[in-house]
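The following exercises concern one protein model and are to be worked through with the coordinates at hand. Each task is followed by a solution in steps.

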Amino acid sequence: MLDGFFEGAPQPLESGTGPSGKWEKLFRFLALDRMEAHLHRWRLNLVTGAVREERLSESITEFGTINADYATGKYRYTYAASGKPGWFLFDGLVKHDLQTGAEERYSLGDGVYGSETAMAPRVGSATEDDGYLVTLTTDMNADASYCLVFDAARVGDGPVCKLQLPERISSGTHSTWVPGAELRRWDQTESAATAVGL
């Protein structure tokens, strides 16, 4: 089984909507709505070669992630980005419940754009959505960037933490989460920081 995002129109024609001129030519191949990106599932029979497929959501989303602890088994939730129509800009988060078909949304607001959202399981978590969603945002209104942290079980409630970054960054695309303990030399870095009083 493979879940991903099916593009109904991978080569969209110019439509005269959204950005104009050279920007439409560029962004029509990147805008989620123009490409008609939908959460999709393919079931591959490795013995017969048969493929069955199904659309999992009517919502336009992309850049999905899951709790990596469930990557090789059955999982229920996918966290994805919604897009600003006509542009390659992520304007919100959607939590897809693959068991019930329900969706929970959070809009970042006008002029605020995010990146693919990483799922960080809570230490000692008991359920699949017991953890945090972490995304970096660019707020064009405030000329600032933030790290937003959401409770993965309650995306629609909004961020539980908002940290301003020292500089504005461009809105991003891909992300991942790795616990610090799994990083090489994590202990030495932590010990060195403690030794100098950081």
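A nonpolar core is a set of buried Ala, Val, Leu, Ile, Met, Phe, Trp, Tyr and Cys residues joined through side-chain atoms within 4.5 Å. The structure shown is a predicted model.

**Exercise 1. The nonpolar core**

Determine which residues of the largest nonpolar core touch the most other members, and which element gives the most to this core.

Solution.
1. The largest nonpolar core holds 13 residues, and those touching the most other members are Y79, M119, L133, L148, F150, A152 and V155.
2. Two or more residues of this core come from each of β5 (77–83) and β11 (144–151).
3. With 4 residues, β11 gives the most to the core.
4. As a general background, nonpolar side chains tend to be buried together in soluble globular proteins.

**Exercise 2. The surroundings of D129**

Locate D129 in the chain and decide whether D129 is buried or exposed.

Solution.
1. D129 is found in the loop that runs between β9 (118–121) and β10 (131–139).
2. The relative accessible area of D129 is 12%. Buried means under 20%, and D129 is therefore buried.
3. The side chain of D129 forms a polar contact of 2.8 Å with the side chain of K95.
4. Beyond residues up to four places away in sequence, D129 touches Y77, Y79, K95, M119, D151, A152 and A153.
5. A152 can be examined in turn: leaving aside neighbours within four places in sequence, A152 is in contact with Y79, K95, M119, D129, G131, Y132 and L133.

**Exercise 3. The largest pocket**

State the volume of the largest pocket and describe its lining.

Solution.
1. The largest pocket contains about 310 Å³ of space.
2. Its lining has 13 residues, and A120, P121, V123, W177 and P179 lie nearest the centre.
3. β9 and β10 are the elements that give two or more residues to this lining. The most, 3 residues, come from β9.
4. By residue class, the lining of the largest pocket comprises 9 nonpolar, 1 polar and 3 charged residues.

**Exercise 4. The second largest pocket**

Which residues line the second largest pocket, and how do they divide into nonpolar, polar and charged?

Solution.
1. The volume of the second largest pocket is about 200 Å³.
2. The lining consists of M1, L2, D3, G4, F5, L39, G64, T65, I66, G73, Y75 and T78.
3. β1 (2–7) and β4 (62–65) each give two or more residues to this lining, and the largest share, 4 residues, belongs to β1.
4. The lining of the second largest pocket divides into 6 nonpolar, 5 polar and 1 charged.

Note on methods
Residues are numbered from 1 along each chain as its sequence is written. This is a predicted model: local features need pLDDT of at least 70, side-chain atom pairs count only at pLDDT 80 or more; totals for chains, interfaces and linings use all residues. Side-chain values use heavy atoms; hydrogens and water are left out. Buried means under 20% relative accessible area, exposed over 50%, partly exposed in between (1.4 Å probe, protein chains only). A polar contact is a pair of N or O atoms within 3.5 Å; within protein, one must be able to donate a hydrogen and the other to accept it, and residues adjacent in sequence count only if both atoms are side-chain atoms. Contact means heavy atoms within 4.5 Å. On a 1 Å grid over the protein atoms alone, a cavity is a set of points where a 1.4 Å probe fits but cannot get out, and a pocket is an open set with protein on both sides within 12 Å along at least five of seven lines; lining residues have an atom within 4 Å of a point. Grid points are joined across faces, edges and corners, and a volume is the space filled by probe spheres set on the points. Ala, Val, Leu, Ile, Met, Phe, Trp, Tyr, Cys and Pro count as nonpolar, Asp, Glu, Lys and Arg as charged, and the others, Gly among them, as polar.
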